[in-house]
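Subject: Structure for your review

Dear colleague,

Please find below the structure that I am handing over to you. A summary of what was found in it follows.

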Amino acid sequence: MGWNQHHDAFLELNFRSMVRRLPGLLAVSFRLAWQADRTAARTVLAAEVGRGLAQAVSLLAVNSVLGRLLGDGDIADRLRQCVPALVAMAAVLLVGALLRAASTYATGRLEPKVERVATEQYLERAAAVELAAIEDHAFHKLLDTAQYGASSARRMITYSARVVNAIISLIAAAGVLTVLHPALLPLLVTMTLPSAWSALTIARRRYESFHTWVQHARAGHLLSGLLTEPAAAPEIRVHGVGPFLLRHYRAMAETAEAEQARLARLAARTGLAAAAWTGVATAATYATLGALLLTGAMALAVAGTAVIAIRTGSASLDSLVLEINQLHEEALFVGDLQRLYVEAAERAIPSGGTPLPEDPREIRFEHVGFSYPGESTRPALDDVSLTLPLGRIVALVGENGSGKTTLVKLLAGLYVPDRGRILWDDVDAAGADRRQLAERIAMVAQDFKRWPFTARVNVAVGRSSAPLTEERLAEAVAAAGAEEVVADLPRGLDTLLARQFNGGHELSGGQWQRLGIARAAYRRGRILIVDEPTAALDARAELEVFDRIRALAAAGQTVVLITHRLASVRHADLVHVLDQGRLVESGSPEELLARGGLYAELYALQAEQFAARVPAPKAG
Ligand SMILES: Nc1ncnc2c1ncn2[C@@H]1O[C@H](COP(=O)(O)OP(=O)(O)OP(=O)(O)O)[C@@H](O)[C@H]1O
């Protein structure tokens, strides 16, 4: 998964595998370009093919000019005979320049579009997968690596255009050389081999280093991020974590620097060896040309054209190897992106399904079991059977880790049970229309999102698909008792709730909690799930919030409430008590108190805290 997936591709980075993969890589680029802008894609392809052909024509024209110039006869006659070829050359140069301009413009238009299309697909698919996929570290790693794919897709367009151009000009040069003399083509290849070898060797080392060090680089990045992020700032200052993080950052950066230095040393050595090899090959090429001239096997004009064609050809071959190399490198990241597309489609929230009953009476959990992926000693929920009557207040109670939050996440369709069923009357939620299910739920999670937007958006994001109306907003704010919070904001609902931005403002935990409840009220879901709604509230605010939640239930909304404050549970119609993932008690608060079980025990513990006298300090 992730970075390591590149490993095999790296090992295969040799000339043969590069040539074998080339058509596939070009096809990928073309498909991306086609999706983004068909006209621009066509223009780039046509312009690059045209430029290559123009090069072939210009080489033939050079040959014709040299042939005429070095031939017999009066120099004025010979010059006159050159004119058509010279005119042809000028025309070809003009066409080449126009094609180049067209390609530059079309590529420039295409690149950002390709990146946007790829990024949009990435974000769209990432947002559409199940929560379990987002929480799966392997999928997350793929998300991490695939994020580079969009910019790589953008660069692939340029490299592909250059590759097409280099291939065509190489074919042109090779064709002309073969026509001139069959011995010239092997000479061209011999001259270009050293730089191809050096480019490949350096790229291989870079890959290897990249894959070995990528986790290291990411950790360094993470450390530098921690040093500047607001959430870590208080501890960095009070606990003096700064120097500790900085020390680790420096150690990581120094190791990376040493690796860069090693690569540079090796690259210099390889470059030198390649230059020496090229020198020998060049000398051999010109010696061969000289020998062909001396033996009369080749005319002087042909040798002149050959020199030009060899220079053009070797430049094309050089750039071809380099560009294919770059293309290959970018394609690895685009490959990650494509893998993400496939995996995200497999793990996407299913669309469609059985419609839920319009007005169900109850939701039943039947022998529901659920375990989070990874190692754990016991399931988060184990054989839970319970009923949630709709239109009532149902409280979920239990000690930390007993499975309350997991249960409501299953209810909201965020996870699917491993065992058992969740029935909305008689419809199994597993096969139900998930979009419809989500429509009916409003949720204030324990760790609800504090969006770095204005207060208005923070409330209205509860139903972003509905048109934002002041009336609905005011109702939601009032339902959550958040009027004072809003009134205290410097620009009211238009205050930006993100301290890191100019004009941004920060709320206290309790104030945020009220906005969170306002968001859920704004959603107007039929089932309101509130997970620890009063954890950050003072005693007076807590009473008020529970009053408001009761009022929502009185208006017909179902409330599923998770709280540790058992005094607040006394207004619930039904209480389910969980312990270590199992349902241990159910009933009204009075029944549970009378039963003397876990609920009564927890209740007594809390009541005792208020009844107990504070011991007097010891004298002396
Ligand atoms: N995303 C997760 N991945 C893995 N394990 C999890 C995850 N969320 C919860 N768990 C585990 O599942 C068990 C039940 O957790 P859950 O959050 O449902 O308990 P809870 O009753 O809501 O606890 P609390 O009162 O502390 O909020 C715990 O053992 C917890 O460690």
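UniProt positions are given here in the numbering of this chain, and the annotations may be inferred rather than shown by experiment. Please also note that this is a predicted model.

With that in mind, the unreviewed UniProt entry annotates residues 83-103 and 159-177 as "transmembrane region". In the model, residues 83-103 are 100% helix and 0% strand, with 30 Å between the end C-alpha atoms. Residues 159-177 are likewise 100% helix and 0% strand, and here the end C-alpha atoms lie 26 Å apart.

Regarding the nonpolar interior, the largest core comprises 75 residues, and Leu110, Val163, Val176 and Leu337 have the most contacts inside it. At least two residues of this core come from each of α2 (15-36), α3 (38-69), α4 (75-127), α6 (137-146), α7 (149-180), α8 (184-228) and α11 (300-346). The greatest contribution is that of α7, with 17 residues. Leaving aside residues up to four places away in sequence, Leu110 touches Ala33, Ala36, Asp37, Ala40, Ala41, Val44 and Ile157. A second core, separate from the one above, has 67 residues, among them Ile363, Leu388, Ala521 and Ile527.

Turning to the ligand, the residues around it are Glu135, Tyr372, Ala380, Gly398, Asn400, Gly401, Ser402, Gly403, Lys404, Thr405 and Thr406. By class, this shell holds 7 polar, 2 nonpolar and 2 charged residues. Helix α12 (residues 404-411) supplies the largest share of the shell, 3 residues.

With kind regards

Definitions and conventions: Residues numbered from 1 in each chain as written. Predicted model: local features only at pLDDT ≥ 70, side-chain atom pairs only at ≥ 80, totals over all residues. Helix = DSSP H or I, 4+ residues; strand = E, 2+ residues; numbered from the N terminus. Near = placed C-beta within 6 Å. Nonpolar A, V, L, I, M, F, W, Y, C, P; charged D, E, K, R; others polar. Core = buried A, V, L, I, M, F, W, Y, C linked by C-beta atoms within 7 Å. Buried ≥ 20, exposed ≤ 12 C-beta atoms within 10 Å, placed from the backbone. Contact = placed C-beta atoms within 7 Å.
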